[in-house]
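Please consider the model shown below. The paragraphs that follow lead through selected parts of it.

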Amino acid sequence: MEVHKVVAPPHKSTVAKLKTRLKETFFPDDPLRQFRGQPNRTKLIRAAQYIFPILQWCPEYSFRLLKSDVVSGLTIASLAIPQGISYAKLANLPPIVGLYSSFVPPLVYAVLGSSRDLAVGPVSIASLILGSMLRQQVSPVDNPLLFLQLAFSSTFFAGLFQASLGILRLGFIIDFLSKATLIGFMGGAAIIVSLQQLKGLLGITHFTKQMSVIPVLSSVFQHTNEWSWQTIVMGVCFLLFLLATRHLSMKKPKLFWVSAGAPLLSVIVSTLLVFVFRADRHGISVIGKLQEGLNPPSWNMLQFHGSHLALVAKTGLVTGIVSLTEGIAVGRTFAALKNYHVDGNKEMIAIGLMNVVGSATSCYVTTGAFSRSAVNNNAGAKTAVSNIVMSVTVMVTLLFLMPLFEYTPNVVLGAIIVTAVIGLIDLPAACQIWKIDKFDFLVMLCAFFGVIFLSVQNGLAIAVGLSLFKILMQVTRPKMVIMGNIPGTDIYRDLHHYKEAQRIPGFLVLSIESPVNFANSNYLTERTSRWIEECEEEEAQEKHSSLQFLILEMSAVSGVDTNGVSFFKELNKTTAKKDIELVFVNPLSEVMEKLQRADEQKEFMRPEFLFLTVAEAVASLSLKGPPLNNV
């Protein structure tokens, strides 16, 4: 077999290496490549388009696209108006704030966002987290003004954090919320949100402020004397109607408009019923009078000092991460369906600035909602103009239609919330996780039960902690396998995976499948020493020639640090004492360079023991050792 020489990597200065590493870490998409070789005018235009994606599609916008966007915008507005009111109550905020949050943020996103299908507004999970975390220290009933100030301040911090991740290109931080974590977290939050709506669905006036399942159910059954049969009848009827329309639209996607318009229709019909029969005088609670007019400025309500600063910063951080993860995931989902690209960093900046602006205009945390975005996509949205149409519709509602919501019953808002969040319980995805990865399933269950029995933030923290523990285990206990030859070929594979693979007498071939660093070097030392001893014992029992060569297949070793270099040095000393030669196969350039610098005396990085493939190493070294029976 022809043996190919392993060449040293080309020399690179420290500055060049650092530049390459930073580029690959923070700019893997190389956003500046579009400017190379372009005239200054083109560069200026592309820079403006990069910062404001609306400039990319606006020059080519047509009346045909406008018709599609108007239809989809009006459709999602019919869903956004009742959901905005409902989610604001879920966050313990005045209902009008939910409509404010469906007016300004979509306009900002239409200018800065890169998704064509993302429908922006308040979402159930962020509303739940915001309300529950702030309510731990401030009562929305006893001190509503301070609670509102803290909500706007938390929104500012959420937006600042989100935009900072995009500007500094640190989006990989949100990747710590794995799919399993999100599925468990969303499912648990959906259960808690639904149970919280029992207050409105049953007509209870004295209800627990805690969010876990046991206090909620205790509160429900301790106040059975407050149950209102009128409220229960109305709630059950509209809940069944909303669930039926949702089921119909899922079975027949072309009828998406049925479930999209059902919440608004429910609000209209229930409001008329309450007004005509004066049901508000018979135990059915209503929203009450809402303030007319557009968003009042709220920058003077933001609090950046005082005893509640830590609370709003923590709340902003948690809601910012969760809402950002949901928004980007939804945007990428629909971008994949329509075969276009969504820039994650630009989305972070867009969603972040949207919330910063929103905090100054009486809005709370907003992001892209899956239910609204799905309706937007099904309704035929072509561009972000659908968000502008929705925003204009909400503006008209704020200016002229607010008196019509005075008699809207709270029970219908509860039914709308239950119908919206029930879709967050993804049983098929949970079953798929169980089939693929049992540890991920455990993480999912911890997130689910942590949210249900502890709190939203504690459940999320436990799941993220377990995910980090899994990563640490993979780093500190990397995979390392013994390789054998598949007879009749020059292919070497894992002995435990390929049963036909055979050990080569005199050789121990190990494959290290991770970087070697301070976190795993001791483990690798112990594991390698054990394999050498086991191999020597096996050779002695089978009366083969003694172990002559330890071959390390290093194609998957992407990097080493000083501890990693020490590992190879100590391993060379250990093998030398046993008269075993240490052989390296296909070390990558960075690894090879560091090992060569550390081996000034040429003790273990000798050219005669460097090979490109295991087959070449065995074929070449077999001439120096005892004859091989299995090759």
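What covers the buried residues of α7? In this predicted model, the covering elements include α4 (63-90), α8 (144-167), α9 (179-196), α14 (309-338), α18 (410-421) and α21 (456-476). Helix α7 itself comprises residues 124-135. With 1.5 Å allowed for each residue, its twelve residues should span 16 Å, and the separation of its end C-alpha atoms, 16 Å, agrees with this expectation. Twelve of the twelve residues of α7 are buried, and the helix is therefore largely enclosed by the rest of the structure. Among these buried residues are Ser 124, Leu 128, Ile 129, Gly 131 and Arg 135.

Two of the residues of α7 lead on to the nonpolar interior. Leu 128 and Ile 129 belong to the group with the most contacts inside the largest nonpolar core, a group that also includes Leu 93, Leu 99, Phe 185, Tyr 364 and Leu 398. This core has 101 residues. Leaving aside residues up to four places away in sequence, Ile 129 touches Phe 185, Val 318, Thr 319, Val 322 and Val 456. A second core, separate and made up of 33 residues, includes Ile 482, Leu 547, Ile 580 and Phe 604.

Helix α4, one of the elements that cover α7, contains Gly 84. Gly 84 has a relative accessible area of 0%, so it is buried. Beyond residues up to four places away in sequence, Gly 84 touches Pro 95, Gly 98, Ser 102 and Pro 122. The C-alpha atom of Gly 84 is separated by 7.4 Å from that of Gly 121, although the two residues are 37 residues apart along the chain.

How values were computed: Residues numbered from 1 in each chain as written. Predicted model: local features only at pLDDT ≥ 70, side-chain atom pairs only at ≥ 80, totals over all residues. Heavy atoms only, no water. Helix = DSSP H or I, 4+ residues; strand = E, 2+ residues; numbered from the N terminus. Expected span 1.5 Å × (residues − 1). Buried < 20%, exposed > 50% of the residue type's maximum accessible area, 1.4 Å probe, protein only. Contact = heavy atoms within 4.5 Å. Core = buried A, V, L, I, M, F, W, Y, C linked by side-chain atoms within 4.5 Å.
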